[in-house]
Structure formats: C-alpha cells, structure tokens
Amino acid sequence: MHTRESATRILLADDHALVRRGLRLILDAEPDMTVVAEASDGAEALDALAAGGVDLAILDIAMPRMTGLQAAREISRRFPAVRTLILSMYDNEQYLFEALKAGASGYVLKSVADRDLLSAVRSAMRGEPFLYPGAVTALIREYLARDRDGDAPDSILTPREEEVIKLIAEGYSSKRIAETLTISVKTVDRHRANILGKLGMRDRLELTKYAIRIGLVEP
C-alpha cells in the first residue's frame, strides 16, 4: 500500500493547460503518483525543478521557448536524479531515439497517453526504458533486416521467440499474437521483454547506442 509520502512526485510540462489538466486527473487518481508541479514550457519546468521535491518530469516534446527534448537534456545534466518522460504526438522512432539520447526514460504517444502513461511512469521509476509498441516493432524489424543481411549476431533467440519476433515485426498486437500462437498475452509480453534483453536493448543506453549504430540518430 502506497502512502502519498512514498508516491512518485511528478512535474507536468505542457503548453496546453487542458492537456495538463487531463493528464493530472489520470496521474492523481493513482495512489502511487502525485502531481506536485506544472509548467507551460521547458524553461519553467527547469525553474520548478530547482525548488526540489520532484522525482519525475513529464515533458511535452514541442513547447515554446524550450522544447521537451532541450529540457530533458538540461535536466539530465543539472538534476541527474530526476527521471524524465517525453510526451509526443509523433509516432516516429527518430524522435524516440532523440528522446532517449537526451536522457529521457521513455517516449509516450499523446494519442494513447491514457493507456500508456501510467506504465511509462512506473517503468521510468524502476529504471527501465518505456517503449510504445510501434517503437518495439520498428526495432525488431530493423533487427530482422540486419539478420537477413548477415549483420546481426548469430541467432540467440529460441524458436518460440523467433515466431513472436516475426509477428511483432508484421505489426501484430500482443492480443493478436497471443491468439495466433494460442498463448496468453502475459506470455507474449514476457517473450517481448526477453527478446529485447537478448538483443541488448533492455536499457536506455543500449537502445541509444543501437540507434546511433544503425544511423537513426546522429552521435
């Protein structure tokens, strides 16, 4: 049972008050989360963090004055203990990797924030990167392409993981993979986590290095 004292203290930064209000409702409804500060741009977010008392900053990618990516960079430099998540309208792995490179723990699409934000906050606080399903698909597709070209390491995946990875690359949802392979959604998610682990993509740094290596982001 979480008391409010042990709850993750969150700063919300978005230039739309309405978006902040909506996200605040989602976050404050959780016993292990509490929104303690709000900001309408990256510079305001940094000022709010200087006062202390924040564990996690949720930053909109496109804010005036200072973007979420710029703010994430500054936060990881000036407040290394504060975790960051980037909120974005863009389903684009280039942006995702730019966010990871800026020091963010994850990248959440606004269109599904009501579904993904809470998992992202909890992942970030556990020190794990949060990747939305489309990003995982892109990574895995990239891995399979390299595998075909002989650039990938010798196969380290089990036959079942190979089946799962191919379906992920084809854009199947966890639910559909579960139905196709007659396994539970939980099992699919476990396979997905194992696959990312085996490909050396379990943490943010490894993912970022991989993205730089395959040219998705400039070093």
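Of the 219 residues in the protein chain of this predicted model, 50% are buried. The fold comprises 10 helices and 5 strands. Among contacts with a separation of 6 or more, 63% link residues 24 or more positions apart. The accessible surface of the chain amounts to about 10,900 Å², and carbon and sulfur atoms contribute 51% of that area.

A good place to begin a closer look is aspartate 60, which sits in strand β3 (residues 56-60). The UniProt record, an unreviewed entry, assigns the feature "modified residue: 4-aspartylphosphate" to Asp60. In the model, aspartate 60 counts as buried because its relative accessible area is 5%, below the 20% cut-off. Beyond its neighbours within four places in sequence, aspartate 60 is in contact with Ala13, Asp14, Asp15, Thr67, Gly68, Leu87 and Lys110. One of these partners, Leu87, belongs to strand β4 (83-88).

The loop that runs from β4 (83-88) to α4 (93-101) holds tyrosine 90. With a relative accessible area of 36%, tyrosine 90 falls between the limits for buried and exposed, and is therefore partly exposed. Together with Met89 and Tyr95, Tyr90 forms a nonpolar surface patch whose accessible area totals about 320 Å².

Further along the chain, helix α7 spans residues 159-169. Its buried residues are Glu161, Glu162, Val164, Ile165, Leu167, Ile168 and Ala169. An α-helix has 3.6 residues a turn, so residues three or four places apart point the same way. After α7 comes glycine 171, with a positive phi near 85 degrees.

Conventions: Residues numbered from 1 in each chain as written. Predicted model: local features only at pLDDT ≥ 70, side-chain atom pairs only at ≥ 80, totals over all residues. Heavy atoms only, no water. Patch = residues over 30% accessible without salt bridge, like charges linked within 9 Å, V, L, I, M, F, W, Y side chains within 5 Å. Areas by Shrake-Rupley, 256 points an atom, 1.4 Å probe, with all protein chains shown as cover. Salt bridge = Lys/Arg side-chain N within 4 Å of Asp/Glu carboxyl O. Helix = DSSP H or I, 4+ residues; strand = E, 2+ residues; numbered from the N terminus. Buried < 20%, exposed > 50% of the residue type's maximum accessible area, 1.4 Å probe, protein only. UniProt positions renumbered as here; feature names shortened; annotations may be inferred. Contact = heavy atoms within 4.5 Å.
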